[in-house]
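Here's a quick briefing to read alongside the structure. Have the sequence and the model open, and follow along by residue number.

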Amino acid sequence: MRKILFIAATHGNERDGVKVMRQLEKELPKEKYGYDCIIGNEKAFSANTRFTEQDLNRSAPGDINSSIYEVRRAAELIEYGKNFDVVIDLHGTKTDSGIVTIIPYPTEENIRLAKSAGLSRNVVWYSEKSKIAGPLAQHMPVPAIEFECGPKGTKKAFDLTYAAVRRFIEANRSGQEVCGDKNVEFYNVYGKLYGEHDPALRDFVLTEKGGESFYPFLSGNEYSGIVCYKMEKTENDKMFI
Ligand SMILES: [Zn+2]
């Protein structure tokens with residue numbers, strides 16, 4: 001049985017993951033099921049904000065001696081991750097995206113981890129510059145991915161996150177992969193669309209703008225000036241780095 005670490009509220013205002021883990025802790029005892037969970041950004045969670053000084057998910061690998069809280073916290077979390085075999089970082093978005101995996105660092109073992117979660121949609125979101133300061137999952141010393149779920153703060157997001165995390169824990173205990181959707185799709189984020197929010201866009205529904213066809217992602221996001229991220233569908237065996 002792999003030891004799993006779940007991180008919730010890496011962004012302090014994405015609270016569904018914390019609620020889900022508190023519920024699951026009561027139903028599936030952590031010691032028996034071989035997992036632990038930790039709040040990523042404790043200060044931002046207390047204040048119900050995305051972050052306090054800078055985005056924790058753009059602060060890894062971090063520095064334990066930094067004057068910036070999130071940079072220190074990133075280093076602590078990376079160090080804590082060494083005690084586990086896999087790490088799942090739970091996120092939420094305003095967008096009605098359903099639940100997907102995000103793979104910030106598409107190595108063969110991280111792709112395999114994403115597949116083992118049994119979710120039908122998997123998003124590779126890798127950027128070269130994140131090697132210096134990037135997502136927690138990219139810099140973990142063990143295989144690590146994110147679950148992204150929206151719209152955050154809704155029953156739908158709680159239920160989807162709860163079901164995905166529960167299935168993952170139970171499958172891990174029985175030593176099997178999750179038997180999920182057979183239609184597993186991989187997408188690759190390759191750019192972003194700038195401008196004002198476009199209510200016509202739907203995540204994962206092919207769209208065309210200015211002669212370019214792409215799949216939108218996070219089309220109801222909170223990033224000012226970004227309409228959505230642009231994705232292409234991809235064969236998962238072509239993106240190992
Ligand atoms: Zn997030």
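Pro 151 sits in the loop between strand 6 (144-150) and helix 7 (155-173), and the peptide bond leading into it from Gly 150 is cis, with omega near 0°. Keep in mind that this is a predicted model. The rest is sorted by topic below.

**Another cis bond**
- Going from Ala 60 to Pro 61, the peptide bond is cis too, with omega near 10°.
- You'll find Pro 61 in the loop between helix 3 (42-47) and helix 4 (69-81).

**Positive phi outside glycine**
- Asn 48 is a non-glycine residue with a positive phi, near 55°.
- Asn 48 belongs to the loop between helix 3 and helix 4, and it counts as partly exposed at 43% relative accessibility.
- Phe 204 also has a positive phi without being glycine, this time near 70°.
- Look for Phe 204 in the loop between strand 7 (185-194) and strand 8 (207-209); its relative accessible area is 6%, so it counts as buried.

**The zinc site**
- The zinc ion gets its protein donors from His 11 (ND1), Glu 14 (OE, listed twice) and His 91 (ND1), at 2.0 to 2.5 Å.
- Angles among the 4 donor atoms run from 56 to 153°, and the site is irregular.
- Along the chain, the donors are spaced as H-x2-E-x76-H.
- Glu 14, in the loop between strand 1 (4-8) and helix 1 (16-27), and His 91, in strand 3 (residues 86-92), are 77 residues apart, so this pair links distant parts of the chain.
- Glu 14 is buried at 5% relative accessible area, and His 91 is buried at 8%.

Note on methods. Residues numbered from 1 in each chain as written. Predicted model: local features only at pLDDT ≥ 70, side-chain atom pairs only at ≥ 80, totals over all residues. Heavy atoms only, no water. Donors = N, O, S within 2.8 Å, 3.2 Å for Na, K, Ca; no water. Tetrahedral: all angles 85-135°; square planar, octahedral: opposite > 155°, others 65-115°. Helix = DSSP H or I, 4+ residues; strand = E, 2+ residues; numbered from the N terminus. Buried < 20%, exposed > 50% of the residue type's maximum accessible area, 1.4 Å probe, protein only.
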